[in-house]
Protein chains: 4
Amino acid sequence: LTTQRLEAFSDGVFAVAITLLAFELRLPSLPPNIDDSELYRALLALAPRFYSYLVSFVLVGMFWVAHHNIFVAIERPDRPLMWMNLVTLLWVCLLPFSATTLGAYPGLRSAAIFYGLNLMLIGQSLFWMWRYACHRRFILQDLGPELIRMINRKILLGSPLYAAGIAAAFWDPRISSTIYVMAILVYILPSKLDRHLRTHGDSR
Amino acid sequence: LTTQRLEAFSDGVFAVAITLLAFELRLPSLPPNIDDSELYRALLALAPRFYSYLVSFVLVGMFWVAHHNIFVAIERPDRPLMWMNLVTLLWVCLLPFSATTLGAYPGLRSAAIFYGLNLMLIGQSLFWMWRYACHRRFILQDLGPELIRMINRKILLGSPLYAAGIAAAFWDPRISSTIYVMAILVYILPSKLDRHLRTHGDSR
Amino acid sequence: LTTQRLEAFSDGVFAVAITLLAFELRLPSLPPNIDDSELYRALLALAPRFYSYLVSFVLVGMFWVAHHNIFVAIERPDRPLMWMNLVTLLWVCLLPFSATTLGAYPGLRSAAIFYGLNLMLIGQSLFWMWRYACHRRFILQDLGPELIRMINRKILLGSPLYAAGIAAAFWDPRISSTIYVMAILVYILPSKLDRHLRTHGDSR
Amino acid sequence: LTTQRLEAFSDGVFAVAITLLAFELRLPSLPPNIDDSELYRALLALAPRFYSYLVSFVLVGMFWVAHHNIFVAIERPDRPLMWMNLVTLLWVCLLPFSATTLGAYPGLRSAAIFYGLNLMLIGQSLFWMWRYACHRRFILQDLGPELIRMINRKILLGSPLYAAGIAAAFWDPRISSTIYVMAILVYILPSKLDRHLRTHGDSR
């Protein structure tokens with residue numbers, strides 16, 4: 001099994017999943033002769049769905065970057081890794097459904113928990129794929145133990161956030177959404193890892 | 001016709017088909033002001049569809065791996081092989097429909113038979129593509145007759161399982177689903193073929 | 001503009017369009033507690049849509065092969081060719097809509113004409129793209145004038161068939177469908193072109 | 001992060017988004033036994049949606065070409081550029097929704113403004129991505145300052161047009177649509193940039 005075709009297939013799945021997020025943005029079936037203020041109100045009523053779209057889009061993009069980073073370090077995938085990758089994609093493809101549910105019912109506990117569980121399943125799949133790659137020593141020789149520890153920490157960082165989001169849903173589902181957005185900030189802000197990579201001239 | 005673009009196109013089709021499986025997971029049209037327990041019940045009512053999604057996702061992933069393995073062995077596709085590939089993709093693209101039908105009516109015989117027929121059509125298309133590739137000697141020189149026999153056996157293994165699933169539907173459609181899941185186990189579990197490849201240092 | 005990324009983008013569009021053909025196969029909204037014979041009848045009622053799916057899938061596959069063959073001969077696309085490619089893809093992406101309309105109303109003249117016009121627009125776009133490539137001499141040096149004439153003839157063959165299909169719709173729309181299927185046979189059957197390529201050891 | 005996989009992912013997203021534009025073309029739910037004139041009228045009633053499809057398809061194609069041109073000049077993307085790319089794709093994926101809204105309500109001000117804002121967000125994202133690439137000197141050595149200035153001007157040209165389209169919507173939404181089509185002409189017509197590239201033997 002070559003890394004190249006596994007990456008091409010995974011990229012395709014990520015690309016379709018991320019595009020389908022927007023596909024769930026739909027106007028309710030309105031009569032064809034509505035006036036401007038009615039369309040304006042209908043667009044405004046979609047605001048929580050737009051919000052869910054924005055957050056989910058950036059989260060899927062984030063997971064794609066993590067997936068990409070893991071595969072840069074894998075020279076030659078084996079069968080177990082291929083199945084772990086498939087499981088990761090399985091949860092990624094479920095996110096448009098979770099995002100639509102959260103966008104439709106942003107104030108309901110089940111929606112916030114379902115969304116948080118989905119994020120956690122993606123994050124955990126990516127983490128175990130990375131652990132397996134480290135364990136089987138597929139990883140490139142030039143990744144030192146310090147760099148591997150940094151990547152471990154960065155990947156692990158997401159799960160407590162998702163867990164906090166799920167827990168917060170029992171108190172107020174709207175706090176969950178705020179916590180899920182925080183996960184984005186953790187990954188967007190330049191980190192120790194980026195500084196390490198920059199000073200060591202490594203493009204990953 | 002180059003193998004590279006044929007693979008890129010096939011990967012694209014597999015990626016879209018596998019992502020569309022999840023796209024069929026939809027909440028029924030509920031009023032916007034439902035409470036938490038109603039959403040919870042609606043999500044729970046989707047359980048057979050989630051199950052169908054999980055099984056179908058792994059099956060499509062399995063067929064993708066088989067497709068990949070066949071094309072690794074093909075150096076230069078010709079026109080008949082290209083059409084055989086197209087027929088294979090035709091049945092792969094039908095699986096989201098079959099999976100949705102089975103997810104919506106898991107207890108109905110027609111749904112279980114339709115799904116089983118679809119699996120068998122994919123499996124048979126892949127098998128005949130592989131036979132044709134062997135016959136026309138497109139295959140790489142380093143595949144010995146023993147390895148080819150092992151791959152034959154592995155590809156052929158699916159069809160009796162799908163046939164058993166179809167037959168079981170006449171007795172109880174729920175047994176069919178169990179048999180289709182067994183097909184996954186056959187391909188996930190490490191086999192004689194994997195051991196052969198590992199000991200001979202071949203990454204396929 | 002590199003050929004490689006233009007091909008990757010076109011492959012992606014073809015892959016999504018061909019997969020969406022099946023996505024239009026949908027069961028009508030049935031009550032959840034229907035019995036087996038009702039599902040069986042619903043599946044049977046989809047027969048004209050299945051037929052439209054099969055034919056359209058193979059036609060899109062055929063156009064993809066033609067697209068591929070044209071781009072093998074193009075070493076360096078320029079801006080006009082890029083726009084001609086975009087126009088071709090525009091008509092390809094419309095085919096799922098035409099196919100759904102024909103599948104839903106196989107006996108209606110407008111459906112058969114719309115479908116035929118769509119096929120002709122794709123065929124003509126491909127033909128003019130090929131003519132432009134020949135005219136601007138992007139084509140590889142090793143394509144002799146005889147081979148170019150053969151490819152011209154093969155690409156041109158489709159249009160009279162589509163025109164005949166459109167004309168036949170005014171008499172009986174079901175004859176149109178038969179004529180559209182004949183277009184497939186023209187391209188599937190091994191031709192003088194294939195023999196020429198085989199004897200000259202050219203993989204295209 | 002390698003340019004190759006970032007391009008493959010972006011191509012996938014563009015390809016899915018552009019294909020989904022056509023997916024929004026749908027016949028209203030008609031009874032199965034309508035006659036030919038009724039289907040003809042239903043197809044004719046979709047005319048504004050076809051128009052919106054054609055314009056949006058070419059616009060997305062145009063943005064894809066701009067995206068491609070920017071990435072040809074980037075040798076090694078970094079994390080900020082990757083996030084800027086993700087934001088660009090986020091707005092691209094929203095265009096099928098905007099196009100559907102404009103196609104459904106071509107005479108309403110909100111629809112024309114929403115569509116224009118979406119175009120401007122895509123155009124601006126592309127512009128800032130290009131500015132960042134220039135600023136960080138990722139760009140290839142052989143792009144002289146004159147060429148960079150030309151590309152700047154070409155990319156910037158879109159925004160005043162989109163702004164004019166949005167402003168015109170307050171007067172008459174149908175003028176907006178005309179202005180959006182003008183943006184296509186600006187990019188299709190051969191420009192000073194094309195002449196420069198041709199005379200300097202650069203394929204970009």
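**Exercise 1. Decide whether C:Ser56 is buried or exposed in this predicted model, and describe its surroundings.**

Solution. Begin with the relative accessible area of C:Ser56, which is 0%. Since a residue counts as buried when this value is under 20%, C:Ser56 is classed as buried. Next, place the residue in the secondary structure: C:Ser56 belongs to helix α3 of chain C, which covers residues 47-72. Finally, set aside the neighbours within four places in sequence and list the remaining contacts of C:Ser56, which are C:Leu21, C:Leu95, C:Ala99 and C:Tyr115.

**Exercise 2. Describe the contact between chain B and chain C, beginning with how many residues each chain brings and how much area is buried.**

Solution. The first step is to count residues on each side: chain B brings 31 residues, and these are in contact with 45 residues of chain C. The second step turns to area. The size of an interface is often given as the accessible area lost when the parts come together. For chain B and chain C the buried area is about 3,400 Å², with 70% of it on carbon and sulfur atoms.

The third step looks at specific pairs. There are 2 salt bridges between chain B and chain C, and a salt bridge joins the side chains of B:Arg5 and C:Asp11, with an N to O distance of 2.8 Å. This distance satisfies the rule, because a salt bridge requires the nitrogen and the carboxyl oxygen to lie within 4 Å. In addition, 5 residue pairs are in polar contact between the two chains, counting pairs in which both residues have pLDDT 80 or more.

The fourth step asks which elements of chain B form its side of the contact. Helices α1 (3-23), α4 (79-104) and α5 (109-135) of chain B each give two or more residues, and α4(B) gives the most, with 11 residues. By residue type, the side of chain B that touches chain C comprises 22 nonpolar, 4 polar and 5 charged residues.

**Exercise 3. Work out which rotation superposes chain B on chain C, and whether the copies meet through the same or different surfaces.**

Solution. Take the superposition to begin with: a rotation of 90°, with 0.0 Å of shift along its axis, brings chain B onto chain C at an RMSD of 0.0 Å. Then compare the interface residues of the two chains. Only 10% of those in chain B are also interface residues in chain C, so the copies meet through different surfaces.

**Exercise 4. Carry out the corresponding analysis for chain D and chain A, and state what kind of axis relates them.**

Solution. Begin again with the residues in contact, of which chain D supplies 31 and chain A supplies 44. The area buried between these chains is about 3,400 Å², and carbon and sulfur atoms give 71% of it. Across the interface there are 2 salt bridges, and D:Arg5 and A:Asp11 meet through their side chains in a salt bridge of 2.8 Å, N to O. The helices of chain D that each supply at least two residues to its side of the contact are α1 (3-23), α4 (79-104) and α5 (109-135), and the largest share, 11 residues, comes from α4(D).

The last step is the symmetry. Chain D is superposed on chain A by a rotation of 90° with 0.0 Å of shift along the axis, and the RMSD is 0.0 Å. This is therefore the relation of a four-fold axis. Of the contact residues of chain D, 10% recur in chain A, and the copies use different surfaces.

Conventions:
Residues numbered from 1 in each chain as written. Chains lettered and ligands numbered in written order. Heavy atoms only, no water. Contact = heavy atoms within 4.5 Å. Buried area = accessible area lost by both parts, 1.4 Å probe. Helix = DSSP H or I, 4+ residues; strand = E, 2+ residues; numbered from the N terminus. Least-squares fit on C-alpha atoms with pLDDT ≥ 70 in both. Polar contact = N/O pair within 3.5 Å; in protein donor to acceptor, adjacent residues only side chain to side chain. Nonpolar A, V, L, I, M, F, W, Y, C, P; charged D, E, K, R; others polar. Buried < 20%, exposed > 50% of the residue type's maximum accessible area, 1.4 Å probe, protein only.
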